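Work through the exercises below with the model at hand. Each task is followed by its solution.

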Amino acid sequence: MSGRREPVPFAFVAEADRFRSNVTPPPRERPSAGQLAGRWLLGLTLVAGLVGSLVIGMPALSSDPSGPGTQQSQATEGR
């Protein structure tokens, strides 16, 4: 292999900034009513799941001192 390299013209890079295509992309298809309803139902299901898990998990996260761990059994109260 020879150590000689041919020069690369970079004029096309400068011309690329000025180039504008006259081809427009096709318009986006509008989603049908069924697709919109499905997206809404999916979103509502996700939100309801998050809210439900928060509501169910709140008692476990609370640090209420009068919880079931501090109650005495009936056997210890009678003696």
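**Exercise 1.** Check the length of H2 against its expected span.

Solution. The expected span is 1.5 Å times one less than the number of residues. For the 29 residues of H2 this gives 42 Å, and the end C-alpha atoms lie 41 Å apart, so the two values agree. Helices here are DSSP runs of H or I with at least four residues, and strands are runs of E with at least two, numbered from the N terminus. This is a predicted model, in which local features need pLDDT (the predictor's confidence in each residue, from 0 to 100) of at least 70, side-chain atom pairs count only at pLDDT 80 or more, and totals for chains, interfaces and linings use all residues. Residues are numbered from 1 along each chain as its sequence is written, and side-chain values use heavy atoms, without hydrogens and water.

**Exercise 2.** Locate the kink in H2.

Solution. Compare the axes fitted to the seven residues ending at a position and the seven starting there; the angle between them is the bend. A kink of about 25° is found at Val 55, shortly before Pro 59.

**Exercise 3.** Decide whether Leu 41 is buried or exposed.

Solution. First, place the residue: Leu 41 is in helix H2, residues 33–61. Next, apply the cut-offs: buried is under 20% relative accessible area, exposed over 50%, partly exposed in between (1.4 Å probe, protein chains only). Leu 41 has 56% relative accessibility and therefore counts as exposed. Of the 29 residues of H2, 0 are buried, so the helix lies largely in the open.

**Exercise 4.** State where confidence is lowest and highest.

Solution. Helix H1 (residues 11–18) is lowest, with a mean of 59, while H2 is highest, at 94.
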